[in-house]
Amino acid sequence: MTYSLLFYEVESEFARREGPDAPAYWGAWSSYIDLLAEEKALVPGNGAGLQPPSLATTVRVRSDQQQIQDGPFADTKEQLAGFVLLDVENLDIALRLAALAPCATTGAVEVRPIMPNP
Amino acid sequence: MIDPDLNRSVDRAFRTSYGKLLALLIQQGFELEIAEDAIGAALAEALHHWKTETPPAQFEGWLFTVAKHRAIDLRRRDSRLERLPSLETETSLSTQAMTVTPDPEPIPDERLRLFLLCTHPSIDTRIQTPLMLQLILGFQASDIAAAYLVPEDAMAQRLVRAKRKIRDAAIPLELPSENQLPERLEAVLQALYALYNRGWDQPTNPDHLSTATEALELVQVLARLQPDYPEVLGLAALMLYCESRRAARRDSLDQFVPLEDQDLIRWDTSLIEQAETFLNAASKARQPGRFQLEAAIQSAHVSRRRTGWPTYSEILRLYDALIQLAPTLSAKLARIVALGEHLGAAHALTELEQLIHPNYASFQPYWAVRAHLLTLLGDESQAAQARSMAKSLSEDQAVRAFFGP
């Protein structure tokens, strides 16, 4: 079963990416990805960290009109920070691994199955 | 022409077997939907086959054999699963099923996995108990919808959605690991407690009787499956104590009768004895818990009404212990009532007014307790206001009438 893990972080977490906390921040994520690889759960090459929401632009098209808006899709406290794909046997395993993500304690991780191949 | 009595008795026997059949098919690796369809097909064959013959003694074994053969057929036909390497190669035997010799052993009870499946944290809490009623007790969506006062299609849709999620998100059908079990069982207990509470108000309402009866049946099944888990036994005891008072809670004019005024003759002593048995078994484990304490409090009230002991001073200590574990608003209010009995209404009212809890102002029992204490203290005008709030927050006619015209 393949699941997407969508990592959501609060602003203060995004802020840790630079500055004195940066090594700890990136170290934690690096260890986490290594763990997923060790567990043979990670679908390699299918994840990415995302730049902060301030660099996002949102596009909608309504009645043939393009609506382009500065900023991320949703104006929420937690913002999408990155994602991976996991290939594991069932939801409980995916949930267990999701709970280990560095952002789980201050933000959230959404676990959603991907569409099966037709 | 199917004999309606035979139909009914087969139907009843079938419903009580439904959960065991479903759980065993799942344990043997069949998907939920396939298992459900297979059991439905087995029932149809049973009704057809037994309109002229009496059902065999090992009804369940027969049903399981038929259902399993059908499940194998269905799985093979399911194109999504054609790629699975582990398909069995038995040919369809469903037409030969009638001559199959059933297993003389009763089928193993794997229903624990159904309890845990229905209360998996990723399933919407509002659909967890309807799912239990369907998967463990074999109720139709129409009956469940009636119990939850929602239209049948709405309930049917919600159930389908939940089962789709089980399939498409791969919610595991296996038992969780040992160390996850206590937390997962706790969710089951919460769900069963909520189900019983649905049937608590309006004790003479036949629909509510049914919901409470189903909750009682489920908790007792669970208690047989997990006798080493004292909180399960505690919840069973709690529910049985509560249920034992059903006939005493309304008088012959269908008026509300508070615990203190209930006629002991109308308590169901057999249910009380069953409750005591569960509570005693639970306490042997020496692992106190919230439901065991609530049951112990119930037991104490029964004893107090019958013999005068224990007194409210002892009961208060049980409430203190309960609030340490589960500081719910209900428990705090119940403790305040006990405090009032022990130290007087003034003392209790002071504590009530110091109670800090969100939503207290819209919680009917808060106003009921307030009205009770103010009445004891002779403050009629404040008592009347409290009674009016208690009345307006209740939907039970008898309770409303109790609080005044």
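How much space lies in the second largest pocket? About 1,500 Å³, as you'll see in one of the close-ups below. Keep in mind that this is a predicted model.

**View 1. Chain A, piece by piece.**
Let's start with chain A, which has three helices and six strands. Walk along it from the N terminus and the elements come in the order β-α-α-β-β-β-β-α-β. If you box up the C-alpha atoms of chain A along the principal axes, the box comes out at roughly 50 × 45 × 20 Å.

**View 2. Where chain A meets chain B.**
Here's the meeting place of the two chains: eight residues from chain A and nine residues from chain B take part in the contact. Together the chains bury about 620 Å² between them, and carbon and sulfur atoms give 57% of that area. On the chain A side, look for Asn90(A), Leu91(A) and Asp92(A), the residues that lose the most area to chain B; together they make up 63% of what that side buries.

**View 3. Polar contacts and residue types at the chain A–chain B contact.**
Staying with the contact, how many salt bridges are there between chain A and chain B? The count is zero. Polar contacts do turn up, though: three residue pairs, both residues at pLDDT 80 or more, are in polar contact between the chains. On chain A, helix H3 (residues 91-99) gives the most to the side that touches chain B, with three residues. Sort the residues on that side of chain A by type and you get five nonpolar, one polar and two charged.

**View 4. A cavity lined by both chains.**
Now for some enclosed space. Rolling a probe the size of a water molecule over the atoms shows where empty space is left. A search of the whole structure finds one cavity of 30 Å³ or more, and the volume of the largest cavity is about 50 Å³. Which residues line it? Chain A is represented by Asp92(A), while the lining residues from chain B include Arg113(B), Leu116(B), Leu117(B) and Arg184(B). You may remember Asp92(A) from the contact, where it is among the residues of chain A that lose the most area to chain B. Helix H4 (residues 112-118) of chain B gives the most to the cavity lining, with three residues. By class, the lining has five nonpolar, no polar and four charged residues.

**View 5. The second largest pocket.**
Back to the pocket from the opening question, with its space of about 1,500 Å³. It's lined by 42 residues, and those nearest its centre are Met1(A), Glu31(B), Arg167(B), Asp168(B) and Ala170(B). Strand S6 (108-113) of chain A gives two or more residues to the lining, and so do helix H1 (4-27), helix H2 (32-49) and helix H7 (152-168) of chain B. The largest share comes from H7(B), with seven residues. The whole lining splits into 21 nonpolar, six polar and 15 charged residues.

**View 6. Two backbone oddities in chain B.**
Most residues other than glycine have a negative phi, and most peptide bonds are trans. Ala170(B) goes against the first habit, with a positive phi of about 55 degrees although it is not a glycine. You'll find Ala170(B) in the loop between H7 and helix H8 (181-198) of chain B, and it is one of the residues nearest the centre of the second largest pocket. What about the second habit? The peptide bond from Trp309(B) to Pro310(B) is cis, with omega near 5 degrees. Pro310(B) sits in the loop between helix H12 (290-307) and helix H13 (312-325) of chain B.

Note on methods:
Residues are numbered from 1 along each chain as its sequence is written. Chains are lettered from A and ligands numbered from 1 in the order in which they are written. This is a predicted model: local features need pLDDT of at least 70, side-chain atom pairs count only at pLDDT 80 or more; totals for chains, interfaces and linings use all residues. Side-chain values use heavy atoms; hydrogens and water are left out. Contact means heavy atoms within 4.5 Å. Buried area is the accessible area (1.4 Å probe) that two parts lose on being put together, summed over both. A salt bridge is a side-chain nitrogen of Lys or Arg within 4 Å of a carboxyl oxygen of Asp or Glu. A polar contact is a pair of N or O atoms within 3.5 Å; within protein, one must be able to donate a hydrogen and the other to accept it, and residues adjacent in sequence count only if both atoms are side-chain atoms. Helices (H or I, at least four residues) and strands (E, at least two) are DSSP runs, numbered from the N terminus. Ala, Val, Leu, Ile, Met, Phe, Trp, Tyr, Cys and Pro count as nonpolar, Asp, Glu, Lys and Arg as charged, and the others, Gly among them, as polar. On a 1 Å grid over the protein atoms alone, a cavity is a set of points where a 1.4 Å probe fits but cannot get out, and a pocket is an open set with protein on both sides within 12 Å along at least five of seven lines; lining residues have an atom within 4 Å of a point. Grid points are joined across faces, edges and corners, and a volume is the space filled by probe spheres set on the points.
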